[in-house]
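Please look through the sequence and the coordinates before reading on. The paragraphs below go from the overall fold to single strands and then to the empty spaces.

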Amino acid sequence: MTTQAPAVATLRLLGGFQVSQALYVAARAGVADRLLDGPVALGVLADSVGLRPDPLRRILRVLGAEDVFAFDQQQDVVALGPLGHTLVTGGADSVRSIALAWMETHYAPFAELWGTATTGVPAAELAFGRPFFDWLGQDSARTATFTAAMADFTLAVRQHAFSRVELDGVGTVVDVGGADGTVLAGLAERYPAVRGVVFDLPHVVRGAEAVVRARGVGDRISVVGGDFFVEVPSGDCYLACFVLHDWSDEQAARILARIREAAAVADARLVLVETVLDVGPAPQVAQLLDLTMLGLVAGRERTTGDWRRLLAGSGFRLERVRATEGPMCVIEARRLP
Ligand SMILES: C[S@@+](CC[C@H](N)C(=O)[O-])C[C@H]1O[C@@H](n2cnc3c(N)ncnc32)[C@H](O)[C@@H]1O
């Protein structure tokens with residue numbers, strides 16, 4: 001094994017922004033989709049995905065070295081590499097929508113990270129002149145891209161966590177910040193007695209009716225639009241996946257207060273699916289997500305102690321943190337009477 005000189009290793013890290021954009025171009029053009037049936041000559045590939053051959057060749061050289069594609073430069077033929085299937089549209093572990101969303105909504109703000117480090121203001125707010133979710137909500141295509149990325153996260157990155165969410169004995173589960181209903185529909189399939197509510201901002205939750213209907217659980221899942229800082233629907237179990245990490249402790253406590261008020265039973269269950277910085281096999285993913293929270297919103301990833309303190313200060317008792325094989329944990333808590 002060759003060891004890289006430190007300067008070269010750092011140079012590779014510095015080039016991360018270029019690799020991200022190269023992945024974006026390949027994902028957006030549908031290069032991996034086009035290669036599903038086998039290797040394709042570069043010129044034919046370029047033609048069929050609408051890119052120019054020379055830029056595509058140079059982009060694929062980089063992504064070939066990263067194991068995304070296998071690029072035979074002698075024959076000028078391209079195939080999927082070991083990671084290629086993760087860019088295939090709708091594949092079981094596809095992150096294609098994440099590639100699109102991150103480059104279209106996260107990439108530009110990160111040019112302002114210096115501003116965040118010196119002022120504490122999220123980079124997205126410096127770049128867009130308004131809070132990230134406000135900016136996102138201004139444009140329906142942008143919102144759709146982001147929501148699709150969340151669905152990719154669910155299928156490709158967080159399955160381990162959802163298989164650990166236990167809803168035995170639950171009557172009505174409210175998925176707070178439930179986006180397009182993908183998460184709750186999956187859980188409802190596993191728990192045929194459970195009824196549920198997908199709750200999210202009105203413009204986000206609009207697509208959820210179709211998702212729950214398509215998954216055959218539309219008769220048990222209702223869809224409600226609203227603002228979780230104002231009010232959330234009533235239930236005996238609350239689910240919040242990847243939601244509280246978007247917010248500061250003070251904001252997260254306000255959301256938890258709304259859940260406390262709306263809970264239909266004194267000891268209502270609260271299930272959070274989040275990363276926990278000191279638990280789980282993939283701390284780098286949690287650390288990178290923490291940087292995402294720093295740059296985009298006022299949120300943060302949290303340690304077990306942070307979660308315990310936040311929950312206790314909001315009238316909930318942390319009961320268990322369950323690690324999974326993936327980067328996410330299941331945090332189980334109960335409302336204190
Ligand atoms: C990171 S996404 C997670 C979505 C989903 N729970 C998942 O795990 O795929 C955060 C969600 O919170 C929603 N959200 C943000 N502000 C909200 C508000 N004030 N009221 C209700 N939902 C909100 C967003 O629209 C988004 O769907």
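A residue is called buried here when its relative accessible area is under 20%, and exposed when that area is over 50%. The model is a predicted one, and of the 337 residues of the protein chain, 47% count as buried by this cut-off. The secondary structure comes to 17 helices and ten strands, and the C-alpha trace spans about 70 × 50 × 40 Å along its principal axes. The radius of gyration of the protein chain is 21 Å, which agrees with the value near 20 Å for a compact globule, because that is what such a globule of 337 residues would have.

With the cut-off in hand, strand β8, residues 269–274, is a good place to begin. This strand is mostly covered, since six of its six residues are buried. In a regular strand the side chains alternate between the two faces of the sheet. In β8, R269, V271 and V273 point one way, whereas L270, L272 and E274 point the other way, and all of these residues are buried.

Which strands pair with β8, and in what sense? Strand β7, residues 237–241, pairs with β8 in the parallel sense over five bridges, and one bridge joins A240 to its partner L272 in β8. The connection between these strands involves helix α15, residues 249–262, and together β7, α15 and β8 make a right-handed β-α-β unit. Strand β10, residues 329–335, pairs with β8 in the antiparallel sense over six bridges, and here the bridge partner of L270 is A333 in β10.

A333 also leads to another strand. L318, which lies in strand β9, residues 316–322, is 15 residues away from A333 in sequence, while the C-alpha atoms of L318 and A333 are 4.3 Å apart in space. Is L318 buried or exposed? L318 has a relative accessible area of 14%, and therefore counts as buried.

Elsewhere in the chain, three strands form an open sheet in the order β1-β3-β2, with antiparallel pairing. The edge strands of this sheet are β1 (40–41) and β2 (69–72), each of which pairs on one side only. Strand β3, residues 77–80, pairs with β1 in the antiparallel sense over two bridges, and V77 in β3 is the bridge partner of A41.

The remaining topic is empty space. Rolling a probe the size of a water molecule over the atoms shows where such space is left. The largest pocket holds about 1,600 Å³ of space. Its lining is made of 38 residues, of which S20, L23, W102, M103 and L288 lie nearest the centre of the pocket. The elements that give two or more residues to this lining are α1 (6–14), α2 (16–29), α5 (53–65), α6 (96–106), α10 (140–157) and α16 (283–296), and α2 gives the most, with seven residues. By residue class, the lining of the largest pocket divides into 27 nonpolar, eight polar and three charged residues.

As for enclosed space, the count comes to one cavity of 30 Å³ or more, and the largest cavity has a volume of about 30 Å³. The largest cavity is lined by T275, V276, L277, V279, G280, A282, P283, A286 and P327. This lining divides into seven nonpolar and two polar residues, with no charged ones.

Terms used: Residues are numbered from 1 along each chain as its sequence is written. This is a predicted model: local features need pLDDT of at least 70, side-chain atom pairs count only at pLDDT 80 or more; totals for chains, interfaces and linings use all residues. Side-chain values use heavy atoms; hydrogens and water are left out. Buried means under 20% relative accessible area, exposed over 50%, partly exposed in between (1.4 Å probe, protein chains only). Helices (H or I, at least four residues) and strands (E, at least two) are DSSP runs, numbered from the N terminus. Two strands pair if DSSP finds at least two bridges between them. A crossover is right-handed if, with the strands pointing away from the viewer, the path from the first strand over the helix to the second runs clockwise. On a 1 Å grid over the protein atoms alone, a cavity is a set of points where a 1.4 Å probe fits but cannot get out, and a pocket is an open set with protein on both sides within 12 Å along at least five of seven lines; lining residues have an atom within 4 Å of a point. Grid points are joined across faces, edges and corners, and a volume is the space filled by probe spheres set on the points. Ala, Val, Leu, Ile, Met, Phe, Trp, Tyr, Cys and Pro count as nonpolar, Asp, Glu, Lys and Arg as charged, and the others, Gly among them, as polar. The radius of gyration is taken over C-alpha atoms; the globule rule is 2.2 Å times the number of residues to the power 0.38.
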